[in-house]
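Trainee: Could you walk me through a structure and show me how to read its features? I would like the general idea each time, and then the case at hand.

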Amino acid sequence: MKEKLYWIMLAGIFGPASHELSEHINRYGGPAEVYRAVCEAVIPLKPYEKRQFSVWTKEKADSVIEECEKKNISILTPDDDGYPSKLKTIYDPPAVLYAFGDISCLNDELTLGVVGTRKPSAYGRTAAGKISAELAKVGFTIVSGFAAGIDSAAHRGALSAGGKTVAVLGCGVDVIYPKTNEDIYRILAENGVFISEFPPGTPPLGKNFPLRNRIISGISLGIFVAEAPLHSGALITAESAIEQERDVFCLPPHDIFDRNFEGVVKYLRDGAFPVFSHLDIIYEYCTNYSHKLSPVKPSDEYSTPRGTDTHVSEPAPKKNGNTHVKKKVRPRANLSGLPENQRIIADLLAERDHHIDELCERSGIDMSDLLTELTEMEVSGLAVSLPGNIYALK
């Protein structure tokens with residue numbers, strides 16, 4: 001525990017994403033030795049670091065450890081076996097990681113980061129949730145930032161499939177942000193883990209979020225950018241992935257003129273892997289990680305990935321020249337056990353297919369909440385999105 005004390009003080013003094021601290025550790029041999037060199041002025045401090053040195057005393061570090069013990073928060077440093085091995089290879093690894101949940105997820109071999117805008121289209125949200133769910137089913141651990149929009153869809157998709165997910169926060173792991181994700185906070189902690197390099201109680205300050213993006217990519221084999229305009233924070237994660245020699249995958253835009261996909265188009269032009277199905281991601285890793293992948297079941301919901309064979313049946317012969325096709329009768333959805341909002345949506349879709357705007361008007365559900373509910377219904381196999389923002393029962 002004494003070593004953790006020094007790590008916490010040094011993390012506070014040098015701040016997050018400090019490559020200098022990593023160099024000092026390599027040079028002096030350990031956190032205690034680095035802290036001693038700081039105290040003896042062998043390591044000169046910048047003005048900001050000097051101010052932090054007066055703040056991050058042993059008493060303050062002790063109080064952080066005590067708070068973590070009370071809240072069942074793990075403290076991971078590069079000396080610990082539970083510290084993510086992938087993060088040790090990046091340029092500026094966190095000196096301290098605070099974790100709430102199942103820390104074993106942090107060293108899963110098959111990890112994929114899923115990122116994107118906080119204000120996605122129904123197409124982007126649905127794709128992020130559905131692809132995350134399918135990947136979770138075959139053994140991927142989904143990593144994202146717990147933000148509204150694409151991040152939330154990714155986490156919810158993984159959880160709905162019974163998979164594991166890692167949420168990398170720009171605040172303390174005991175701070176629920178955004179509040180719209182309060183409903184899955186405990187569920188995620190039981191089926192994954194929250195991590196942050198910021199101590200418990202740290203509020204969600206804007207400056208913290210770009211810093212946490214390097215951890216999302218650093219802990220992942222690759223990054224899937226589902227939807228992102230230019231200058232989106234998701235593209236910071238993509239840039240970090242490139243610097244860290246991780247793979248970058250992108251969802252092709254549903255509309256090449258949609259500005260919400262300008263960032264995605266940029267990376268596709270630069271050689272990112274286009275993702276038309278979860279299988280496009282799986283096949284990039286099946287050779288090296290086949291021992292970790294569960295069997296992939298074929299699905300008619302997705303296009304056939306590149307490099308695979310497909311069999312096309314001969315059309316059935318017409319009988320007596322009759323070309324009429326019997327109309328399928330839509331079965332009544334089983335609404336038992338559904339949350340109220342999803343029951344309302346399913347009732348409307350049982351009547352007929354609806355455009356997203358019409359659903360919003362007739363259901364009385366806020367558009368943001370409506371998109372979240374539709375994503376969960378799609379992931380659970382109750383609803384399906386059609387071209388033109390049309391939704392139908394499956």
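Mentor: Gladly! Keep in mind that this is a predicted model. Let us begin with one residue: Q342 counts as buried, because its relative accessibility is 5% and the cut-off for buried is under 20%.

Trainee: Where does Q342 sit, and which residues does Q342 touch, leaving aside those up to four places away in sequence?

Mentor: Q342 belongs to helix α13, which spans residues 340–351. Apart from residues up to four places away in sequence, Q342 touches E373, E376 and M377.

Trainee: Now for helix pairs. At what angle do α1 and α3 pack?

Mentor: A general idea helps first: an α-helix has 3.6 residues a turn, so residues three or four places apart point the same way. Here, helix α1 (residues 2–14) packs with helix α3 (residues 31–39) at about 50°, and their axes are 8 Å apart. The two are therefore oblique to each other, and their crossing is left-handed. On the α1 side the contact is made by E3, Y6, W7, M9, L10, I13 and F14, and on the α3 side by P31, A32, V34, Y35 and V38. By class, that contact has eleven nonpolar residues, no polar ones and one charged residue.

Trainee: Which residues of α3 are buried, and what do they pack against?

Mentor: The buried residues in α3 are P31, A32, V34, Y35, A37 and V38. The buried residues of α3 pack against α1, α2 (19–28), α4 (47–55) and α5 (58–70). After α3 comes A41, with a positive phi near 65°.

Trainee: And how should I read the sheet?

Mentor: Strands of a sheet pair through backbone hydrogen bonds, either parallel or antiparallel. In this model, nine strands form an open sheet with mixed pairing, in the order β1-β2-β6-β5-β4-β3-β7-β8-β9. Its edge strands, β1 (74–76) and β9 (273–274), each pair on one side only.

Trainee: What are the pairings around β3 and β7?

Mentor: Strand β3 (residues 111–116) pairs with strand β4 (residues 141–144) in the parallel sense over three bridges, and L112 stands opposite I142 in β4. β3 also pairs with β7 in the parallel sense, over five bridges; there, G113 stands opposite I223. β7 in turn pairs with strand β8 (residues 247–250) in the parallel sense over four bridges, where C250 of β8 is the bridge partner of V225.

Trainee: Is β7 (residues 222–227) mostly covered or mostly uncovered?

Mentor: Mostly covered: six of the six residues in β7 are buried.

Terms used
Residues are numbered from 1 along each chain as its sequence is written. This is a predicted model: local features need pLDDT of at least 70, side-chain atom pairs count only at pLDDT 80 or more; totals for chains, interfaces and linings use all residues. Side-chain values use heavy atoms; hydrogens and water are left out. Buried means under 20% relative accessible area, exposed over 50%, partly exposed in between (1.4 Å probe, protein chains only). Contact means heavy atoms within 4.5 Å. Axes are lines fitted to C-alpha atoms, for helices over the stretch in contact, and angles run from 0 to 180 degrees between N-to-C directions. Angles under 35 degrees count as roughly parallel, over 145 as roughly antiparallel, 65 to 115 as roughly perpendicular and the rest as oblique. A crossing is left-handed if the near helix is turned anticlockwise from the far one by less than a right angle, and right-handed if clockwise. Ala, Val, Leu, Ile, Met, Phe, Trp, Tyr, Cys and Pro count as nonpolar, Asp, Glu, Lys and Arg as charged, and the others, Gly among them, as polar. Two strands pair if DSSP finds at least two bridges between them.
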